[in-house]
Structure formats: C-alpha cells, structure tokens
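Please look through the model below with two topics in mind: pairs of oppositely charged side chains, and the packing of one helix against another.

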Amino acid sequence: MLLETDVLLQLDALHYAVDYIPKRAIRYFTALEHQDELMPLLIEEAKDVIAYPEEHQDESGCSRLLFHALMIFGFLREERAIPLIREIGLMPHEAIDEMLGDRLFESVSLALAELFSQRVDELKVLIEDSSIDSSIRATCLQSMMFLYGRGGISRSEMVDYCLRLLKQPEEDLSCVYEVVAASAIALHPEELIGDLRKFYQEGRIDEEQVKLEEIEESLLLPKDSSVEEFRKMLDVRLDDLIPYLEGLDGAWKEGAYERNESCPCGSGQKFKKCCH
C-alpha cells in the first residue's frame, strides 16, 4: 500500500505547479507499479475539482490538477477517465477557461485523441451534446482532426462529419464552427465551401479566428498533395507536447547536479527539493 503522505504530496504538486511542470508527480502517477492504486485516486481527485471548482480557485490562482490529470490520463490511455470529459463540459465556462484555457486546443485535445482513439463515436456524442460547453465540444472536434492526422479517421469520414455539423440547426456554436473552418483548409474544402461561405455571411464564424480568404485560397492547391501535407502536419502525438514524460530518469539522477543547484527540469526549485 502506498504511503498516504506520499500520495498527498504528489497530488499537491499536480494542483499547485503553476509556473513549472511537476515532473516528479507525473513520474509518480505514470509509474507502472503504481497505476492500479493511483488511477482511481487521481480520477476521484479530478471529480472533486470538477464538482467544486470554486473551492480550487482563489486570488492567487487556481488548481492545475485537471490539466495535469488529463495529460496523465491521455498518456496512459486511461479509459476509466472518459466519463470525466462530459463532466468537465458541464462546468461553468469561467472555470473551464481558468483551469484549461488556451491549452484546450493543443495539449488537451491531444490527450483526448489518445483517450478516444478507439471510441470515436463517443467523441461525436460529446460534440453534439448541446448541454456541454461549446469550448469542450470544439476541443473534441479538434481531437478528431488529430486522429485524422494519424490515419485513425479517413478524409471522407471527416468531411462528412463536418458537413453534418454545419447542417444541424443549433444555437450559436462559433467555437465548433471555427474548428470546422480551420479543418476545411487541412481537408481541402471543395465539399464544404458552399456551407462555409453561408456561415461567414451570417456572421456565425469569426473572420478574426479563421479567414474565409484562407479557405478559398486552399481550394487552389492541388488536392491530393495538400491533403497529404496537412495530414502529416496533424500527425502530432501527445508525447510530442509533453517531453517531460520522456527521459524522466535523466542525467541528473546520476549525480550530474549538486543538491543545492537549480533543478534542470526548470521548476525554479533547488535540485534537492525537486527531481532529486
């Protein structure tokens, strides 16, 4: 049985590591020998943050546990964490923005691509659930594009799904429509351009986010070569964005750094208090 104090210390690191990456805590939760015991605990801790976000926010900042937990769940493809995504989508928008913010369309969407890599239909259910915050729905759609990039979804399936979203009568979903517009460039937009022009004319897509001119210019590119080029660009893995999960037992574990030196992980702490 893991020492309770150890677990609490590592959970605290996941909560309060704001300006640095909590490498030791991430290493702790991703260690193979700990996973059976720790994953249920981490899921419960994330549930508490989701259920009571106001208790994890104050004038000095807010908990980063939700972000770090999603990275860990994605890295481990921890499917037991999948129900949490809908719960996150039901949080107040301000809490989602505070806790995940601009990470949503990069790191978080990559983590979701790993989580849902074998469960794409469940991603679609989340995207089409009108009770869920639009930023989370858009993040799920971005995750589908990452799966498309790695070959898990075909171009025709992705285009058909984007068309389906554009055809559905819905309340303002500018976040989702902007992901569709950006995706159209990567997919070659010949099937989508008519609907997209209409959405721009109606003001349902923000020109500041994705310009119609860019989409129309992409129509002039050779379809096969541009589709292949964009697919390669979208073949991004979670590992590419979280290099702190690579080489965690690096040179500093072998005596290359003195205890009172700054830790090489960039935390700003002394080595003896961080990755020692």
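The paragraphs that follow take up the salt bridges and then a contact between two helices.

This is a predicted model, and the reading below should be taken with that in mind. Side chains of opposite charge can pair when their charged atoms come close. Counted with a cut-off of 4 Å between a side-chain nitrogen of Lys or Arg and a carboxyl oxygen of Asp or Glu, the salt bridges come to 15.

One of them stays inside a single helix: E44 pairs with K47, and their closest N and O atoms are 3.5 Å apart. Both residues belong to helix α3, which covers residues 35–51, and they are 3 residues apart, about one turn of the helix. E44 is partly exposed, at a relative accessible area of 47%, and K47 is likewise classed as partly exposed, at 33%.

A second salt bridge joins E114 to R77, with 2.9 Å between the closest N and O atoms. Because E114 sits in helix α7 (residues 104–115) while R77 sits in the loop between α4 (65–76) and α5 (83–89), this pair ties together parts that are 37 residues apart in sequence. The relative accessible area of E114 is 9%, so this residue counts as buried, the limit being under 20%, whereas R77, at 40%, is partly exposed.

A further pair links two helices, K124 forming a salt bridge with E157 in which the closest N and O atoms are 3.3 Å apart. K124 lies in helix α8 (residues 120–127) and E157 lies in helix α10 (residues 155–167), so the pair ties together parts that are 33 residues apart in sequence. Of these two partners, K124 is buried, with a relative accessible area of 13%, and E157 is partly exposed, with 30%. Salt bridges can also share partners, and in this way R77, E114 and R150 are joined into one network.

The second topic is the packing of helices. Two packed helices are described by the angle between their axes and the distance between the axes. For helix α2 (residues 23–30) and α3, the axes come within 8 Å and cross at roughly 115°. On the α2 side the contact is made by Y28, F29 and T30, and on the α3 side by Q35, L38, M39 and L42. Sorted by class, the residues of this contact are 5 nonpolar and 2 polar, with no charged residues. Helix α3 thus appears in both topics, as the helix that holds the pair E44 and K47 and as a partner of α2 in this contact.

Key. Residues numbered from 1 in each chain as written. Predicted model: local features only at pLDDT ≥ 70, side-chain atom pairs only at ≥ 80, totals over all residues. Heavy atoms only, no water. Helix = DSSP H or I, 4+ residues; strand = E, 2+ residues; numbered from the N terminus. Buried < 20%, exposed > 50% of the residue type's maximum accessible area, 1.4 Å probe, protein only. Axes fitted to C-alpha atoms, helices over the stretch in contact; angles between N-to-C directions. Contact = heavy atoms within 4.5 Å. Nonpolar A, V, L, I, M, F, W, Y, C, P; charged D, E, K, R; others polar.
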